[in-house]
Amino acid sequence: TGRHFTEVLEREPDNDNLITSRILWLRGLEPGVNRGGDVDTYERYVYIHGTNEEGRIGRIGSHGCVRMRNADVAELFEAAPVGTPVWIEE
């Protein structure tokens, strides 16, 4: 749906958190929880991504995305091919 890698990455809506490195676009597996309708993770553009706010990792600073240090998300990007299941836990 029109999202792709570019040299100039994007700013999350309504905050100063920039997407500064790799994007791993998430697709939910649980109907009604994170797949389908208004809760659909993929349709809401929920990613694992790098950030310009690495000092704020671990604090709320996104609209649902999982923010990681740029070096860490680059390593994850190389290790997890498309379709790799991920478990995200608080």
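A residue is called buried when its relative accessible area is under 20%, exposed when over 50%, and partly exposed in between. By that measure Trp25, with 24% relative accessibility, counts as partly exposed in this predicted model. Trp25 is a handy place to begin a tour of the aromatic residues, as it belongs to a cluster together with Tyr42, Tyr45 and Tyr47.

The structure holds 3 aromatic pairs. In one of them, Trp25 and Tyr42 are stacked, with 4.2 Å from centre to centre and an angle of 15° between the planes. Trp25 lies in strand β1 (residues 19–25), whereas Tyr42 belongs to the loop between β1 and β2 (47–51), so this pair ties together parts that are 17 residues apart in sequence. Tyr42 has a relative accessible area of 17%; it is therefore buried, since the cut-off for that class is under 20%.

Trp25 also pairs with Tyr47, here in an edge-to-face arrangement: the centres are 5.8 Å apart and the planes form an angle of 80°. This contact again links distant parts of the chain, joining Trp25 in strand β1 to Tyr47 in strand β2 across 22 residues. Tyr47 has a relative accessibility of 2% and so counts as buried.

Two arginines complete the picture. Arg27 lies over the face of Tyr42, at 3.8 Å from the ring centre, and Tyr42 is the ring that stacks with Trp25. Arg22, for its part, places its charged end over the ring of Phe77, 5.3 Å from the centre of that ring.

Note on methods
Residues are numbered from 1 along each chain as its sequence is written. This is a predicted model: local features need pLDDT of at least 70, side-chain atom pairs count only at pLDDT 80 or more; totals for chains, interfaces and linings use all residues. Side-chain values use heavy atoms; hydrogens and water are left out. Rings of Phe, Tyr and Trp (its six-membered ring) pair if their centres lie within 6.5 Å; planes under 30 degrees apart count as stacked, over 60 as edge-to-face and the rest as tilted. Helices (H or I, at least four residues) and strands (E, at least two) are DSSP runs, numbered from the N terminus. Buried means under 20% relative accessible area, exposed over 50%, partly exposed in between (1.4 Å probe, protein chains only). A charge sits over a ring if NZ of Lys or CZ of Arg is within 6 Å of the ring centre and within 35 degrees of the ring normal.
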